[in-house]
Amino acid sequence: MVKVIKKGITYAESGEADAKVRATVEGMLSDIRTGGDAAVRALSERLDKWAPESFRLSPAQIQDILAGIAPSVLDDIRFAQAQVRNFAEKQRATILDLEVETLPGVFLGHRNIPVGSVGCYVPGGRYPMVASAHMSVLTAKVAGVKRVIACTPPINGQIPAETVAAMYLAGADEIYLLGGVQAVAMMALGTETVASVDMLVGPGNAYVAEAKRQLYGQVGIDLFAGPTEILVIADHTADAEMCATDLLGQAEHGPTSPAILLTTSEELAHATIAEVDRQLQTLATADIAGVAWRDYGQVLLVDSVEELVTEADRLCNEHVEVLTENPRYFLEHMTNYGALFLGPRTNVAYGDKVIGTNHTLPTKGAARYTGGLWVGKFLKTCSYQEVRTAEASALVGEYCSRLCAIENFWGHKAQADLRVERYGQHEPVA
């Protein structure tokens, strides 16, 4: 049984006013479809007050930007990218092509083919998300994507140097200083000067997420993203300071970011609420994190470890941090989560920034049916078949002919009959 110690707004109750966002994005996409480069430029000038001669950074500009960054910062970016690259390469090595002889003379298989081109959106604004360049650009390159382009917005009219450096070091083939819906649309739809991509990836605000939703089908996307989420699962062995710190560490993403403590300890539940209030007095991002905690923070109490698993799977959160006596119990028993962070020595920030796993993860219950972005998302698993002997073609054709007749697919049946007549014993098929 679940006891609610602190109630927050759930997605079902939030009544998100997305109709205005949807209509706004529809209009912007329509403008860019018809207006191309001119529409992109007009939107960037109006929304970001940014209209340089070219949105694309030249090789010389990129080198100038890198030259202005402290070597220690570049070393930190390289370290993070080395971790992401290493894990992505290990994942890629597990994805194998296949060919098998299923009947004598019948060979079936599949090949894992990289997507041809990918557009990566790296958010800016209050939080220039340098790490998103590692997660998208670098992972696509490890998958073998030939053309990877990346967009990030200017910040108050300035170039976000570290983000550009991360894009470049990750292997981006084209880098554009452009943000918002106009960036996503330019990559997906193409313009007079920018060739369209096959797939869009990367997080963004509500307008960027809606643009990806509306463009899905014309291009592939990674995920339908919502506000970031954290669930901390804790028992009597956890401490309130760590629970509060890690909850607020994700709540600072935005005022609608859910932060949930799920525990078997009522003492910890109340202590964590008090500790959150204390930390909000000094946290530099309290103006955001405090609103998220006030409106979307929850503290839930259950009676047993088994109930922790049941409730956590029901909540189906993006980031799930496990601060319990036996963290790996949840690895063995949970099924619905974006990523697990096991034990007090790890945390969501490690996964978000540096440890090597991908931080683009399912939100709003999507972990029921999908995992997050990874090297496999950039691969198309495409099957093929080859019948190498006449006997095999005739054998399969006889079965196929009869099955097509059941479905009244006479054109399909004719394909099978032709092979039976040509490669079999020349006996008519009934």
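Two strands count as paired here if DSSP finds at least two bridges between them. In this predicted model, strand β7, residues 199-201, just gets there with β8: two bridges join them, and the two run parallel. One of the contacts behind that pairing is easy to pick out, as L200 has I221 of β8 for its bridge partner.

Zooming out, β7 and β8 belong to an open sheet of five strands, ordered β6-β5-β4-β7-β8 and paired in parallel. The edges are taken by β6 (174-177) and β8 (220-221); each has a single partner strand, so one side of each is left without a neighbour in the sheet. Helix α7, residues 180-189, lies across β4, β5, β6 and β7, and runs at about 175° to β4.

On the chain-wide level, the domain assignment splits things into domain 1 (16-96 + 113-221), domain 2 (227-372) and domain 3 (389-424). The centres of domain 1 and domain 3 are 49 Å apart, going by C-alpha atoms.

Then there are the residues that an unreviewed UniProt entry lists under "binding site": T228, Q250, H253, H319, D352, E407 and H412. They cover 185 residues of sequence and are spread in space too, with up to 55.4 Å between C-alpha atoms. D352 is among the residues lining the second largest pocket.

Two of the listed residues sit in loops. H253 is found between α9 (240-251) and β10 (259-263), and its 33% relative accessibility makes it partly exposed. Beyond its close sequence neighbours, within four places, H253 touches Y127, M129, T228, I288 and D352. E407 is in the loop between α15 (390-406) and α16 (410-423); at 54% relative accessibility, E407 counts as exposed.

Methods: Residues are numbered from 1 along each chain as its sequence is written. This is a predicted model: local features need pLDDT of at least 70, side-chain atom pairs count only at pLDDT 80 or more; totals for chains, interfaces and linings use all residues. Side-chain values use heavy atoms; hydrogens and water are left out. Helices (H or I, at least four residues) and strands (E, at least two) are DSSP runs, numbered from the N terminus. Contact means heavy atoms within 4.5 Å. Axes are lines fitted to C-alpha atoms, for helices over the stretch in contact, and angles run from 0 to 180 degrees between N-to-C directions. Domain bounds come from an automatic or database domain assignment. UniProt positions are given in the numbering used here, feature names are shortened, and annotations may be inferred rather than shown by experiment. On a 1 Å grid over the protein atoms alone, a cavity is a set of points where a 1.4 Å probe fits but cannot get out, and a pocket is an open set with protein on both sides within 12 Å along at least five of seven lines; lining residues have an atom within 4 Å of a point. Buried means under 20% relative accessible area, exposed over 50%, partly exposed in between (1.4 Å probe, protein chains only).
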